[in-house]
Amino acid sequence: MRAAVLTEYGEPLDIQEIDDPESASHGVVVDVDACGICRSDWHAWHGHGEWADDRVPLGQVLGHEPAGEIVAVGDEVTARAVGERVAVPFSLGCGSCPTCHNGHGNVCANDRALGFEASTPGAFAERVHVPNAEYNVTPLPDGVSPVAMAALGCRYVTAYNALARRADLEAGEWLAVVGCGGVGLSAVQLGAAMGARVLAVDLDGAALDLAADLGARATVDATDDPVKAIRDLTDGGAHVALDALGSAETFRTTIDCLRRRGRHVQVGLTGEAERGEVSLPVDELTRNEIDLLGARGLSPTRYGDLFDLLAGGEIDPGALVTREVSLDEVSDRLAAMDEYGVTGIEVVTDF
């Protein structure tokens, strides 16, 4: 099968013919119909993460947002079948530990990250193997296309976890979303669907225009003074602020724009400039009782929540898809992220 392989950090992925995956007894093989291109892939492509012992190894097949059809089923798998249309989370839980049983398989201590480690080659490929499939693989409801599902995960699932499960966002609250890439725009649309008053912050006018179309109450140009603008618009600060980028500047913006007892949610990962560390305004956090929260993915047992929002027409992940590309174009699209040259979500549909 054809696959996009990381052979050198920051260099074009090598499109190779490699062996088809074989299913483990507890796994399934999925024929990939669509796979999103995410900023996390960009981090992996550049070799980021060594400061957290999280650098993707060379030789890895990248890609972690697939949807497709099951073509092979392991002997121990009884709940899934050949021919099922399915979604696959990027954070693959073991399915048997207390964390997984309690609905938090996205942070399972025994998890494997699809497309980011040698044991789980990714989905920039014609087919992908999914371990512990009865826990990790979720059937796609009728009417949900593979392209829409590729847009949903990891961006929408992470944004939903961040807002609904970590920050407990409530209707009527002010939500500031700082950074309007894929996950930030997902948070804008989800926040609006949840009844929040959403402010979108970015440097790029096209991204802000799309955020407005997706339900942002107002947009803020980050080249000015975004903290002042947010505080003025909200009469004192946001209740919840989400950092969708992961720079020291965006982190500080989300902290400083919060009102007293506000909740900061960190979704964006750091790059070479921060290397996993940013300074904290500890006295301010203490005086104002600010909550600091992190969010990563979503347990597959909670995907039904998002499917309900889809079925009700409250969210439309397809509205964020701005380009469908071939496997051969993935390297160019990753390189475009160097200068934030991607608006919305781009999806591989031609393998």
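**Note on the predicted model: contacts, salt bridges and a helix pair**

1. Gly83 is partly exposed, with a relative accessibility of 37%; here buried means under 20% relative accessible area, exposed means over 50%, and partly exposed lies in between, using a 1.4 Å probe and protein chains only. The model is predicted, so local features need pLDDT of at least 70 and side-chain atom pairs count only at pLDDT 80 or more, while totals for chains, interfaces and linings use all residues. Residues are numbered from 1 along each chain as its sequence is written, and side-chain values use heavy atoms, with hydrogens and water left out.

2. Gly83 belongs to the loop between β4 (66-73) and β5 (85-87). Helices (H or I, at least four residues) and strands (E, at least two) are DSSP runs, numbered from the N terminus. When residues up to four places away in sequence are not counted, Gly83 touches Glu69 and Ile70, contact meaning heavy atoms within 4.5 Å. Between the C-alpha atoms of Gly83 and Leu309 the separation is 25 Å, and the two residues are 226 residues apart along the chain.

3. The structure contains 14 salt bridges, a salt bridge being a side-chain nitrogen of Lys or Arg within 4 Å of a carboxyl oxygen of Asp or Glu. One of them pairs Asp328 with Arg2, with 2.8 Å between the closest N and O atoms. Asp328 sits in the loop between β16 (321-326) and α11 (330-336), and Arg2 in strand β1 (residues 2-5), so this pair ties together parts that are 326 residues apart in sequence. Both partners have some accessible surface: Asp328 is partly exposed at a relative accessible area of 48%, and Arg2 is partly exposed at 23%.

4. Glu173 and Arg263 also join their side chains in a salt bridge, at 2.9 Å from N to O. Glu173 is placed in the loop between α4 (146-166) and β10 (174-178), and Arg263 in strand β14 (residues 258-266); the pair therefore ties together parts that are 90 residues apart in sequence. Are Glu173 and Arg263 buried or exposed? Both Glu173 and Arg263 are buried.

5. A salt bridge within one helix links Asp232 and Lys228, with an N to O distance of 2.7 Å. Both residues belong to helix α7 (residues 226-234) and stand four residues apart, about one turn of the helix. Lys228 is partly exposed, its relative accessible area being 49%. Elsewhere, Asp20, Asp31 and Arg127 are joined into one network by salt bridges that share partners.

6. Helix α4 and helix α10 (residues 303-311) cross at roughly 115°, their axes coming within 11 Å. Axes are lines fitted to C-alpha atoms, for helices over the stretch in contact, and angles run from 0 to 180 degrees between N-to-C directions. The angle makes α4 roughly perpendicular to α10; under 35 degrees counts as roughly parallel, over 145 as roughly antiparallel, 65 to 115 as roughly perpendicular and the rest as oblique. The crossing of α4 and α10 is right-handed: the near helix is turned clockwise from the far one by less than a right angle, whereas anticlockwise would be left-handed.

7. Which residues of α4 and α10 make the contact? On α4 they are Met149, Leu152, Tyr156, Val157 and Tyr160, and on α10 they are Tyr303, Asp305, Leu306, Phe307, Leu309 and Leu310. The contact of α4 with α10 comprises 10 nonpolar, no polar and one charged residues, where Ala, Val, Leu, Ile, Met, Phe, Trp, Tyr, Cys and Pro count as nonpolar, Asp, Glu, Lys and Arg as charged, and the others, Gly among them, as polar.

8. Two further residues of these helices may be noted. Thr158, in helix α4, is buried at 6% relative accessibility. Not counting residues up to four places away in sequence, Thr158 touches Phe90, Val183, Val267, Ala295, Arg296 and Gly297. Asp308, in helix α10, is exposed, with a relative accessible area of 56%. The C-alpha atoms of Asp308 and Pro141 are 9.7 Å from each other, although these residues are 167 residues apart along the chain.

9. Ser326 and Asp350 form a last pair of interest. Ser326 lies in strand β16 and is buried, at 11% relative accessibility. Asp350 lies in strand β17 (residues 345-350) and is partly exposed, at 47%. With neighbours within four places in sequence left aside, Ser326 is in contact with Val348 and Asp350, and Asp350 with Val325, Ser326 and Leu327. From Asp350 to Leu58 the C-alpha distance is 24 Å, across 292 residues in sequence.
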